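Work through these short exercises with the structure in view. Try each task before you read its solution.

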Amino acid sequence: MSKFIIQVNSPAYGSSSSYSAYRFAKAAIDNGHMIEKVFFYQDGVLNTNSLNSPASDEFDLKQAWVDLHDNHGVALINCVSAALRRGVLSESEAKENQQLHWNMQAPFIMGGLGELVTGIETADRLICF
(Lines give C-alpha, C1' and ligand atoms only; values in the text may rest on other atoms or scores of the structure.)
Protein backbone atom coordinates (compact mmCIF):
# COMPACT_ATOMS: atom_id res chain seq x y z
CA MET A 1 0.00 0.00 0.00
CA SER A 2 1.29 3.44 -0.93
CA LYS A 3 0.27 6.83 0.44
CA PHE A 4 -0.31 9.53 -2.14
CA ILE A 5 -0.83 13.26 -2.16
CA ILE A 6 -2.54 14.57 -5.24
CA GLN A 7 -1.98 18.13 -6.41
CA VAL A 8 -4.62 19.49 -8.78
CA ASN A 9 -3.54 22.53 -10.81
CA SER A 10 -6.34 22.73 -13.39
CA PRO A 11 -9.94 23.93 -13.15
CA ALA A 12 -12.83 21.50 -12.95
CA TYR A 13 -13.96 22.27 -16.47
CA GLY A 14 -12.09 23.22 -19.65
CA SER A 15 -9.37 20.64 -19.13
CA SER A 16 -9.35 16.93 -18.43
CA SER A 17 -6.58 17.16 -15.82
CA SER A 18 -8.86 17.53 -12.80
CA TYR A 19 -11.04 14.66 -13.93
CA SER A 20 -7.90 12.55 -14.45
CA ALA A 21 -6.79 13.45 -10.91
CA TYR A 22 -10.14 12.33 -9.54
CA ARG A 23 -10.05 9.08 -11.52
CA PHE A 24 -6.49 8.41 -10.30
CA ALA A 25 -7.56 9.00 -6.68
CA LYS A 26 -10.57 6.73 -7.02
CA ALA A 27 -8.55 3.96 -8.70
CA ALA A 28 -5.81 4.20 -6.07
CA ILE A 29 -8.34 3.82 -3.25
CA ASP A 30 -10.10 0.97 -5.04
CA ASN A 31 -6.73 -0.81 -5.29
CA GLY A 32 -5.96 -0.48 -1.57
CA HIS A 33 -3.79 2.62 -1.58
CA MET A 34 -4.31 5.66 0.60
CA ILE A 35 -4.84 9.26 -0.49
CA GLU A 36 -3.53 11.47 2.32
CA LYS A 37 -4.94 14.63 0.84
CA VAL A 38 -5.81 16.42 -2.36
CA PHE A 39 -4.18 19.84 -2.60
CA PHE A 40 -5.86 22.27 -5.01
CA TYR A 41 -3.36 24.81 -6.35
CA GLN A 42 -3.29 27.46 -9.09
CA ASP A 43 -6.47 27.14 -11.21
CA GLY A 44 -7.21 23.88 -9.37
CA VAL A 45 -8.89 25.94 -6.65
CA LEU A 46 -11.75 26.52 -9.10
CA ASN A 47 -12.79 22.89 -8.42
CA THR A 48 -13.99 24.04 -4.98
CA ASN A 49 -16.34 26.81 -6.08
CA SER A 50 -19.81 26.00 -4.77
CA LEU A 51 -21.29 27.94 -7.69
CA ASN A 52 -20.04 25.38 -10.23
CA SER A 53 -23.26 24.20 -11.82
CA PRO A 54 -22.71 21.66 -14.58
CA ALA A 55 -25.66 20.62 -16.74
CA SER A 56 -27.71 17.78 -15.30
CA ASP A 57 -26.32 15.31 -17.84
CA GLU A 58 -22.67 16.24 -17.16
CA PHE A 59 -20.33 14.76 -14.58
CA ASP A 60 -20.31 16.92 -11.43
CA LEU A 61 -16.62 16.94 -10.54
CA LYS A 62 -17.04 19.19 -7.49
CA GLN A 63 -19.57 16.74 -6.05
CA ALA A 64 -17.27 13.82 -6.91
CA TRP A 65 -14.51 15.39 -4.78
CA VAL A 66 -16.99 15.92 -1.94
CA ASP A 67 -18.10 12.28 -2.21
CA LEU A 68 -14.45 11.16 -2.14
CA HIS A 69 -14.05 13.04 1.14
CA ASP A 70 -17.32 11.72 2.60
CA ASN A 71 -16.74 8.10 1.59
CA HIS A 72 -12.99 7.79 2.21
CA GLY A 73 -12.04 10.64 4.55
CA VAL A 74 -9.70 12.27 2.03
CA ALA A 75 -8.75 15.80 3.13
CA LEU A 76 -9.46 18.41 0.47
CA ILE A 77 -7.15 21.41 0.90
CA ASN A 78 -7.41 24.64 -1.06
CA CYS A 79 -4.34 26.88 -1.39
CA VAL A 80 -5.60 30.03 0.26
CA SER A 81 -3.44 32.42 -1.78
CA ALA A 82 -4.41 30.88 -5.10
CA ALA A 83 -8.07 30.79 -4.05
CA LEU A 84 -8.22 34.43 -3.02
CA ARG A 85 -6.61 35.52 -6.28
CA ARG A 86 -9.27 33.61 -8.21
CA GLY A 87 -12.27 34.76 -6.20
CA VAL A 88 -12.83 31.59 -4.18
CA LEU A 89 -13.49 32.54 -0.57
CA SER A 90 -14.34 30.53 2.52
CA GLU A 91 -16.70 31.99 5.08
CA SER A 92 -13.83 33.16 7.29
CA GLU A 93 -11.89 34.62 4.35
CA ALA A 94 -15.02 36.49 3.26
CA LYS A 95 -15.37 38.01 6.73
CA GLU A 96 -11.66 38.94 6.88
CA ASN A 97 -11.92 40.62 3.48
CA GLN A 98 -15.23 42.29 4.34
CA GLN A 99 -17.15 40.46 1.66
CA LEU A 100 -20.82 39.60 2.09
CA HIS A 101 -20.65 36.21 0.38
CA TRP A 102 -18.38 33.20 0.12
CA ASN A 103 -18.33 30.44 -2.44
CA MET A 104 -16.02 27.68 -1.26
CA GLN A 105 -17.85 24.38 -0.97
CA ALA A 106 -17.59 22.42 2.29
CA PRO A 107 -15.78 20.08 3.09
CA PHE A 108 -12.96 21.81 1.21
CA ILE A 109 -10.79 23.79 3.62
CA MET A 110 -8.27 26.55 3.16
CA GLY A 111 -4.61 25.82 3.79
CA GLY A 112 -1.20 26.97 2.76
CA LEU A 113 1.77 25.47 1.03
CA GLY A 114 2.86 24.28 4.48
CA GLU A 115 -0.01 21.77 4.28
CA LEU A 116 1.45 20.46 1.06
CA VAL A 117 5.01 20.30 2.40
CA THR A 118 4.08 18.49 5.61
CA GLY A 119 1.97 16.10 3.60
CA ILE A 120 4.87 15.36 1.26
CA GLU A 121 6.97 14.38 4.28
CA THR A 122 4.52 11.65 5.26
CA ALA A 123 3.38 10.45 1.84
CA ASP A 124 5.21 8.07 -0.47
CA ARG A 125 4.47 10.03 -3.62
CA LEU A 126 3.16 13.38 -4.82
CA ILE A 127 1.20 13.14 -8.05
CA CYS A 128 0.49 16.41 -9.91
CA PHE A 129 -2.24 16.90 -12.46
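**Exercise 1.** Decide whether the radius of gyration of the protein agrees with that of a compact globule.

Solution. The model is predicted. Start with the length: the protein has 129 residues. A compact globule with that many residues would have a radius of gyration near 14 Å. The protein has 14 Å, so the two agree. For the extent along the principal axes, take the box filled by the C-alpha atoms: roughly 45 × 40 × 25 Å.

**Exercise 2.** Find how many helices and strands the protein has, and give their pattern.

Solution. Count the elements: there are five helices and five strands. Now read along the sequence. The pattern is β-α-β-α-β-α-α-β-α-β.

**Exercise 3.** Describe burial, surface and contacts for the protein as a whole.

Solution. Take burial: 41% of the 129 residues are buried. Turn to the surface. About 6,800 Å² is accessible, and carbon and sulfur atoms hold 48% of that. Then take contacts between residues at least 6 apart in sequence: 77% of them join residues at least 24 apart.

**Exercise 4.** Explain why cysteine 79 forms no bond with cysteine 128.

Solution. Recall the bond: a disulfide joins the sulfur atoms of two cysteines covalently. The cut-off is 2.5 Å between the sulfurs. The closest cysteine sulfur to that of cysteine 79 is in cysteine 128, 13 Å away, so the pair is too far apart for a bond. The whole structure has zero disulfides. Finally, compare accessibility. Cysteine 79 has 4% relative accessibility, so it counts as buried. Cysteine 128 has 46%, so it counts as partly exposed.

Key:
Residues are numbered from 1 along each chain as its sequence is written. This is a predicted model: local features need pLDDT of at least 70, side-chain atom pairs count only at pLDDT 80 or more; totals for chains, interfaces and linings use all residues. Side-chain values use heavy atoms; hydrogens and water are left out. Helices (H or I, at least four residues) and strands (E, at least two) are DSSP runs, numbered from the N terminus. The radius of gyration is taken over C-alpha atoms; the globule rule is 2.2 Å times the number of residues to the power 0.38. Buried means under 20% relative accessible area, exposed over 50%, partly exposed in between (1.4 Å probe, protein chains only). Contact means heavy atoms within 4.5 Å. Accessible areas come from the Shrake-Rupley method with a 1.4 Å probe; for residues, only the protein chains shown count as cover.
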